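Me: Could you take a close look at one part of this model for me, the contact between chain C and chain A? I'd like the numbers, and then how that part sits beside the rest of the assembly.

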Amino acid sequence: MNITYETLWVDLEHIRADEPLIHNITNYVVMNSTANALLAVGASPIMAHALEEVADIARHTKALVINIGTLSSQWIDSMHVAMKAAADAGVPIVFDPVGVGATEYRTDTALSLLGCVKPSVIRGNAAEIKALTREQAEIKGVDSREDSESARAAAKILSREYNCVVCVSGRKDLVVSPHEAASICNGHQMMTRVTGLGCTASALVGAFVAVNPHHFQAAAHAMAIMGIAGEIAAEHCDGPASLQLRFIDLLYSLTQRDIKEHLKVEQY
Amino acid sequence: MNITYETLWVDLEHIRADEPLIHNITNYVVMNSTANALLAVGASPIMAHALEEVADIARHTKALVINIGTLSSQWIDSMHVAMKAAADAGVPIVFDPVGVGATEYRTDTALSLLGCVKPSVIRGNAAEIKALTREQAEIKGVDSREDSESARAAAKILSREYNCVVCVSGRKDLVVSPHEAASICNGHQMMTRVTGLGCTASALVGAFVAVNPHHFQAAAHAMAIMGIAGEIAAEHCDGPASLQLRFIDLLYSLTQRDIKEHLKVEQY
Amino acid sequence: MNITYETLWVDLEHIRADEPLIHNITNYVVMNSTANALLAVGASPIMAHALEEVADIARHTKALVINIGTLSSQWIDSMHVAMKAAADAGVPIVFDPVGVGATEYRTDTALSLLGCVKPSVIRGNAAEIKALTREQAEIKGVDSREDSESARAAAKILSREYNCVVCVSGRKDLVVSPHEAASICNGHQMMTRVTGLGCTASALVGAFVAVNPHHFQAAAHAMAIMGIAGEIAAEHCDGPASLQLRFIDLLYSLTQRDIKEHLKVEQY
């Protein structure tokens, strides 16, 4: 499936027209910034985690994004219930294993969730993706960035194990499915100095899988939009707060021409 | 009761001089942005939800703002206790029924809270206000914006049922009490692309009822300040993040002249 | 121990080079903004509060920052466990008693935590520091700012009682150890109109004690960086949101010359 500026633009116009409702059970740190990113790109976010309502919400949305950044036991129960409800209703699920590998608790939780319901897309950094295959990796905070290439093999294994798309964020972003692979070569180093841009990537993957049933293509589009908005934002930028502000503004205003001029994708 | 640039300015000067302490039990998504909005307008926010302390805090503040955006059972208990303590101490309560109608859980919770303690002001979007009267409405995320006029009847019913002021946010903001009504025609479409500006409106209503015992007038002032700051912020704006930044700066710096030149209010 | 632009610069370069991992158990309001401040200054934040994992994380980080801004009982248990694990592993602890004095619950919680494990640094505003010695103080929200001088005696008492460094934020920032004292005279009045800059100060103290075993000097450096970035940010500033944005950008880009030109420190 091709990844071009034209296929990306089609999805982006769909999101802006349809304003798909995206259910997020995510961490406290990024709730505000990911909601704003979803709104800026044209989607409608809903953040809700109560056990009493997550199934109701999950089954009526266009995508569910699960992010384990600030775990606790009650939230894990809600994640299980929401994922089950989404899967039963055919709602695509994006899974972000934040900090997996940093503690056994996170790794066990992530594997337990994935063991119950297969997501459409898993998105993490190299350390997290490797940890999901129990491969050893250096953990350096949750915002760190190991070379994504180092997780290529792990991504392939995961994509086959769960029959899903796997995204590995890094200097290059890898997008892998059981039968396809692409690298997105957009983005900017300063993005690693803004908290939660990985989580934002996962939320945007949610917006794209909500409008595009070909999840490999959708995930690649989302990673590309992240990178393009980030690298344009980084031009003439004074620091990470300016970058974050311009990044959100650009999600709102990106044109087909911006995408055409910046998209750098390699497919295998 | 008149709503003019002069009456609004009197309240704003009171807030800036008195720095009223506003207790917020609100959702995770907007805690930071609403605290910043309250500080920018001149008030002093306190965010606290522990059952062990909410009564102590609520009864010593100038207003209590209850927002059910990210519910869970323990928080509901705290909301009940805080509302009861505030009511007993004569502290005005602002109630924001975020997402009511999206799930039975939210609707039941909101009606249960309102059934125990009557607030001074209820503020929501059209779908939420209609849901509180069990009227059918299309739910589209928590940041959505149905035409506020469609909820005029529901607002009137609610204002009589709870003997309170009801604000309906939308392209026009309606402010209704059992005996009065006004429309605020400020604001800008791009404000719907910033998460939590509805919640910010509720927080600002808290700041205004803290200094003005005429709650209909106070609520209208708060909605007007929101709209005026939002529409000035939207001029020459690059996107929703720029808008949010300028909006907060304007809450801090708005002059009597800004208000005089922009205020568009209709009273019935 | 001297506090000069050169000693500060050495620490800042260490943080930027080493990217020390800082574990934060902090309040919901500031999780995003303090994570961004830590990233901007060069550190690696991790926010985690689950009882099941806090000990694992705390003992593998370079500093632990405990902030009681939005307390609840489960979090208090996690704070106890994390502080114990950090202390056992020799990881320095920064303690921020947000809102202590506002309720008995907060005061009791803070004293209970301090009674179990002695932190390396306690940082609060004057009202909070006085409340920790059970001295009477006027409570005015959590972002308020009483004159720091009024808490000098309390800070001295605390520093001896816990054999730690005590920082009192205010127009002047006091930094006190059992045997040393300094005042940092940087900062800007508008910083009190941005939520959570006190919490950011505590987080930055975490970054500095992570690289500098002389905690009095490290804490003074952190307070100075806060004040210098804040006062440069406030120049030509339109309001508190602009200030916050430029503040974060400056944490990222501050040069040795910026520090040399602005640092105003008095030592006793």
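**The contact of chain C and chain A**

Reply: Chain C and chain A bury about 2400 Å² between them, with carbon and sulfur atoms giving 59% of that. Keep in mind that this is a predicted model. If you wonder about that choice of number, the size of an interface is often given as the accessible area lost when the parts come together.

On the residue count, chain C puts 31 residues into the contact and chain A puts in 29. Two salt bridges run between chain C and chain A. One pairing to pull up on your screen is Arg106(A) with Glu53(C), a salt bridge whose closest N and O atoms are 2.8 Å apart. Across this interface there are also 11 residue pairs in polar contact, both residues being at pLDDT 80 or more.

So much for the pairs; now the elements. On the side of chain C that touches chain A, two or more residues come from each of helix 2, strand 2 (44–47), helix 3 (54–58), helix 4 (73–88) and helix 10 of chain C. Helix 2 of chain C gives the largest share of that side, seven residues. By class, that side of chain C splits into 18 nonpolar, seven polar and six charged residues.

Now for chain B against chain A. Here the contact takes 29 residues from chain B and 31 residues from chain A. The buried area is about 2400 Å², of which 59% falls on carbon and sulfur atoms. There are two salt bridges between chain B and chain A. Glu53(A) pairs with Arg106(B) in a salt bridge, and the closest N and O atoms are 2.8 Å apart. Polar contacts between chain B and chain A come to 11 residue pairs, again with both at pLDDT 80 or more. On the side of chain B that touches chain A, helix 4 (73–88), helix 5 (104–116) and helix 10 (240–253) of chain B each bring at least two residues. Helix 10 of chain B has the largest share there, with four residues. That side of chain B holds 11 nonpolar, 12 polar and six charged residues.

Some of these helices turn up again around the empty space. The structure has seven cavities of 30 Å³ or more, and the largest cavity holds about 780 Å³ of space. Its lining takes in 36 residues, and Asn32(A), Gln244(A), Asn32(B), Gln244(B) and Asn32(C) are the ones nearest the centre. Helix 2 and helix 10 of chain A, of chain B and of chain C each supply at least two residues of that lining. By class the cavity lining has 23 nonpolar, 12 polar and one charged residues.

Then there's the largest pocket, with about 640 Å³ of space. Its lining has 33 residues, and nearest the centre lie Gln74(A), Ser72(B), Gln74(B), Ser72(C) and Gln74(C). Helix 4 of chain A, helix 4 of chain B and helix 4 of chain C each give at least two residues to the pocket lining. That lining breaks down into 12 nonpolar, 15 polar and six charged residues.

Back to the part you asked about: helix 2 of chain C gives seven residues to the side that touches chain A, and helix 2 (31–41) of chain C also supplies at least two residues of the lining of the largest cavity.

Technical notes. Residues are numbered from 1 along each chain as its sequence is written. Chains are lettered from A and ligands numbered from 1 in the order in which they are written. This is a predicted model: local features need pLDDT of at least 70, side-chain atom pairs count only at pLDDT 80 or more; totals for chains, interfaces and linings use all residues. Side-chain values use heavy atoms; hydrogens and water are left out. Contact means heavy atoms within 4.5 Å. Buried area is the accessible area (1.4 Å probe) that two parts lose on being put together, summed over both. A salt bridge is a side-chain nitrogen of Lys or Arg within 4 Å of a carboxyl oxygen of Asp or Glu. A polar contact is a pair of N or O atoms within 3.5 Å; within protein, one must be able to donate a hydrogen and the other to accept it, and residues adjacent in sequence count only if both atoms are side-chain atoms. Ala, Val, Leu, Ile, Met, Phe, Trp, Tyr, Cys and Pro count as nonpolar, Asp, Glu, Lys and Arg as charged, and the others, Gly among them, as polar. On a 1 Å grid over the protein atoms alone, a cavity is a set of points where a 1.4 Å probe fits but cannot get out, and a pocket is an open set with protein on both sides within 12 Å along at least five of seven lines; lining residues have an atom within 4 Å of a point. Grid points are joined across faces, edges and corners, and a volume is the space filled by probe spheres set on the points.
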